[in-house]
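Here is a friendly walk through one protein model, with the cut-offs spelled out along the way. Please keep the sequence and the 3D view open as you read.

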Amino acid sequence: QVQLVESGGGLVQAGGSLRLSCAASGSIFGISVMGWHRQAPGKQRELVAHITSGGNTNYADSVKGRFIISRDNAENTVYLQMNSLEPEDTAVYYCNSRLYGSSGWRDYWGQGTQVTVSS
C-alpha cells in the first residue's frame, strides 16, 4: 500500500515563507514525476509545480520566482519551498506522484495540507 504524507502547512503572514514536505512510502519500485497542486475555495485544483526524476522542474506562472520545488530520490520525498507568500496562495496543497508500485504505474495523491496566508 503506497501512501503520500504531507507536512508543513500552516498560517503565515503575507511576505512570509513555508516549506512543505511529502514523503512517499510503501511498496515503491520507482518514481517518475513528483509535484504539488493546490485548490482554493470555490476554485479548481491547479498545478503549482512538478519535478522529474532527473530534476527537471515546471512551475505555474503565478509562483515562478517565489516557490522552489526539490526532491530527495533516496528518501522518496518532495519539498516545496514557498517564499514571498501572498493571500492568493491560500489553498489546500496536495502532493502527487506517478510511481511504480505493486499495481504498476499509477498516480497517487496525498491527503492535503492547508496553507493560509493572512494580509
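The report below goes from a sheet to a disulfide, then to aromatic rings and the charges over them.

This is a predicted model, in which local features need pLDDT of at least 70 and side-chain atom pairs count only at pLDDT 80 or more, while totals for chains, interfaces and linings use all residues. Residues are numbered from 1 along each chain as its sequence is written, and side-chain values use heavy atoms, with hydrogens and water left out.

**The sheet**

Strands here are DSSP runs of at least two residues, labelled E and numbered from the N terminus. Two of them pair if DSSP finds at least two bridges between them. In general, strands of a sheet pair through backbone hydrogen bonds, either parallel or antiparallel.

In this model, an open sheet is built from four strands in the order E1-E3-E8-E7, with antiparallel pairing. Strand E1 (3-7) and strand E7 (67-72) are the edges: each has a single partner strand, so one side of each has no neighbour in the sheet. On average, neighbouring strands of this sheet are turned by 15° against each other, direction ignored; the axes behind this angle are lines fitted to C-alpha atoms, and angles in general run from 0 to 180 degrees between N-to-C directions.

At one edge, E1 and E3 are antiparallel and share five bridges, and Glu-6 has Cys-22 in E3 as its bridge partner. E1 has Leu-4 and Glu-6 on a covered face, whereas Gln-3, Val-5 and Ser-7 are on an uncovered one. At the other edge, six bridges join E7 to strand E8 (residues 77-82), again antiparallel; Arg-71 has Val-78 in E8 as its bridge partner.

Ser-21 belongs to strand E3 (residues 18-25). Its relative accessibility is 19%, so Ser-21 counts as buried (buried is under 20% relative accessible area, exposed over 50% and partly exposed in between, using a 1.4 Å probe and protein chains only). Leaving aside residues up to four places away in sequence, Ser-21 touches Val-5, Glu-6, Ser-7, Trp-36, Val-78 and Tyr-79, where contact means heavy atoms within 4.5 Å.

**The disulfide**

A pair of cysteine sulfur atoms within 2.5 Å is taken as a disulfide, and the count comes to one. Its sulfur atoms, from Cys-22 and Cys-95, are 2.1 Å apart. The bond links distant parts of the chain, with Cys-22 in strand E3 and Cys-95 in strand E9 (residues 91-101), 73 residues apart. The torsion about the S-S bond of Cys-22 and Cys-95 is about -75°, so this disulfide is left-handed. Cys-22 and Cys-95 are both buried.

**Rings and charges**

Rings of Phe, Tyr and Trp (its six-membered ring) pair if their centres lie within 6.5 Å; planes under 30 degrees apart are stacked, over 60 edge-to-face and the rest tilted. Two aromatic pairs result.

| Pair | Centre to centre | Angle between planes | Type |
|---|---|---|---|
| Phe-29 and Tyr-100 | 6.4 Å | 65° | edge-to-face |
| Tyr-100 and Trp-105 | 5.5 Å | 65° | edge-to-face |

Phe-29 lies in strand E4 (residues 28-39) and Tyr-100 in strand E9, so their pair ties together parts 71 residues apart in sequence. Phe-29, Tyr-100 and Trp-105 form one aromatic cluster. Phe-29 is exposed at 62% relative accessible area, while Tyr-100 is partly exposed at 36% and Trp-105 is partly exposed at 47%.

A charge sits over a ring if NZ of Lys or CZ of Arg is within 6 Å of the ring centre and within 35 degrees of the ring normal. Arg-19 lies over the face of Tyr-79, 4.1 Å from the ring centre, and the charged end of Arg-45 sits over the ring of Tyr-94, 3.7 Å from its centre.
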